[in-house]
Amino acid sequence: MKDFFDSRFPSVEALRAQAKKRMPGFAFDYLDGGCFSEINLSRNTDEIRDVQLQPYYLRNYPGASQEVELFGESYDAPFGMAPVGLQGLMWPNCCEILAQAAKDHNIPFVLSTVGTASIEKVAEITEGKFWFQLYHPAEDDLRDKLLERAWAAGCRTLVILADTPTFAYRPKEIKNGLSIPPRMTARNVFQMCTHPTWSFSQLFAGAPEFQTMKAYIPKGLNMKHLGLFMNKTFSGRLSEDKIQALRDKWKGNIVIKGIVNPEDAEVAIKLGLEGLIVSNHGGRQLDSGQSTIKPLQALAPEFKGRIKIMMDSGIRSGPDIANALASGADFTFLGRTPMYGVGALGKKGGHHTFTMLKRQLQQVMEQVACERVEDFPNHLIRD
């Protein structure tokens, strides 16, 4: 299964088109959409693809290796599965499918606090080799319980979110009733009826739930009160004090996600964090911000070597991964592309997508004569 590849879908564009056919519109919109007018959603990928690489055709070239070491772990490729909330809504058991594929491909899988598989389930699938993304709770007691569960399950890399200080304004989700609190409309019911594969799979899998949070949600809440509970539970933004408290409690690696300026990067280093992810939450939080490739290019020269610099948001393909690495990233993450893969191919979608990305990246490395992942910056054509 690891090397499974369906030649009908050799690109992210083909996977996206097939996923759109197989998923109800409200589920696809949740995956595919951004905030406000979706300007930064488009800008993310467009500007990654403005990066140009320099090939060398007459060099002695022994071949390419995608292997990379990160926080003492060796991975088979320089990309991982980004955290995605409500994965099971978009495709039944999607979280478990992608966790298994990530394990088989030896790449990191990052579980969201609001994922639809529990910490313990993902730990079982990945044999403890997963990262956990923490939405910082308002109450310290809940924070400590989540940290204890993640550590006990084998997780050694904690990802904390800096780029969600407020709930986003996403018109598609509001129209589809997927805002907080969510609502089910006649339109959504019709969409489910016209997508029987998704509907029957969902029936067998059971309604998607916040499995990690399930133990802390009062029983018997209707959808309105569940929304109010989640709003209250995860209100507020990160601060130096909150991060310091996490640093004091968590003995593994801490990565902060959503860093896009030097001031915040300096704070992360001062507080002893091991890594940062340049991210704008996939264009789902701030429409008038920069695309992710721009701050990466600004931060890498100053901070690379002082802290691990990673990137997500807008990366869709092997060439996009290569362009991010050439621009200074030590590692990359993708969210939508693997999700499209599962939407298109179900249980085989994760394996297909990770195989496709590896093949695409390998072709780029061989084309430009890049031997190792860390050599990519030597191939960047600079303005």
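Here is a short round of questions and answers about the predicted model above.

Reader: Before we start, what pLDDT do local features need here, and what is left out of side-chain values?

Author: Residues are numbered from 1 along each chain as its sequence is written, and side-chain values use heavy atoms, with hydrogens and water left out. Since this is a predicted model, totals for chains, interfaces and linings use all residues, side-chain atom pairs count only at pLDDT 80 or more, and local features need pLDDT of at least 70.

Reader: OK, the sheet. What is the strand order in the open sheet of eight strands?

Author: Strands here are DSSP runs of E with at least two residues, helices are runs of H or I with at least four, and both are numbered from the N terminus. Two strands pair if DSSP finds at least two bridges between them. The pairing in this sheet is parallel, and the order reads E3-E10-E9-E8-E7-E6-E5-E4.

Reader: Which are the edge strands?

Author: Look for strands that pair on one side only. From one strand to the next, the twist averages 25° (axes are lines fitted to C-alpha atoms, for helices over the stretch in contact, and angles run from 0 to 180 degrees between N-to-C directions). The edge strands are E3 (79-81) and E4.

Reader: Which residue in E10 is the bridge partner of Phe79?

Author: E3 and E10 (residues 331-334) run parallel and are joined by three bridges. In E10, the partner of Phe79 is Thr332.

Reader: And at E4, which residue stands opposite Trp131 of E5?

Author: E4 and E5 pair in the parallel sense, over three bridges. In E5, Trp131 and Gln133 point one way, Phe132 and Leu134 the other way, and all are buried (under 20% relative accessible area; exposed is over 50%, partly exposed in between, with a 1.4 Å probe and protein chains only). Opposite Trp131 stands Val110.

Reader: What about E8: which residue there is the bridge partner of Ile256?

Author: E7 (residues 253-257) and E8 (residues 275-278) run parallel, with three bridges between E7 and E8. Gly275 and Ile277 point one way from E8, Leu276 and Val278 the other way, and all are buried. The partner of Ile256 is Leu276.

Reader: On to helices. Why do the buried residues of H6 sit on the same side of the helix, and what arc do they cover?

Author: In H6 (residues 119-126), the buried ones are Ile119, Val122, Ala123, Ile125 and Thr126. They end up on the same side of H6 because of the arc they cover around the axis, taken from the directions from the helix axis to the C-beta atoms: only 165°.

Reader: What covers those buried H6 residues?

Author: Contact here means heavy atoms within 4.5 Å. The cover includes two strands and two helices by name: E4 (110-112), E5 (131-134), H5 (94-104) and H7 (140-152).

Reader: How do H7 and H12 cross, left-handed or right-handed?

Author: The axes of H7 and H12 (residues 240-249) come within 11 Å and cross at roughly 35°. A crossing is left-handed if the near helix is turned anticlockwise from the far one by less than a right angle, and right-handed if clockwise. This one is right-handed.

Reader: Which residues of H12 do Arg143, Asp144 and Leu147 of H7 meet?

Author: By class, the contact has three nonpolar, no polar and three charged residues. Nonpolar means Ala, Val, Leu, Ile, Met, Phe, Trp, Tyr, Cys and Pro, charged means Asp, Glu, Lys and Arg, and the others, Gly among them, count as polar. On the H12 side you'll find Ala245, Leu246 and Lys249.

Reader: How far apart in space are His136 and Ile243?

Author: His136 lies in the loop between E5 and H7 and is buried, with a relative accessible area of 12%. Not counting residues up to four places away in sequence, His136 touches Arg143, Thr233, Phe234, Leu238, Lys242 and Leu246. His136 and Ile243 are 107 residues apart in sequence, but C-alpha to C-alpha the gap is 9.6 Å.

Reader: How many residues of H16 are buried?

Author: H16 covers residues 336-345 and is largely enclosed by the rest of the structure. The buried residues include Arg336, Met339 and Tyr340. The count is ten of the ten.

Reader: Last one: what is the phi of Phe36?

Author: Most residues other than glycine have a negative phi. Phe36, in the loop between H2 (25-32) and H3 (39-48), is partly exposed, with a relative accessible area of 46%. Although Phe36 is not a glycine, its phi is positive, at about 45°.
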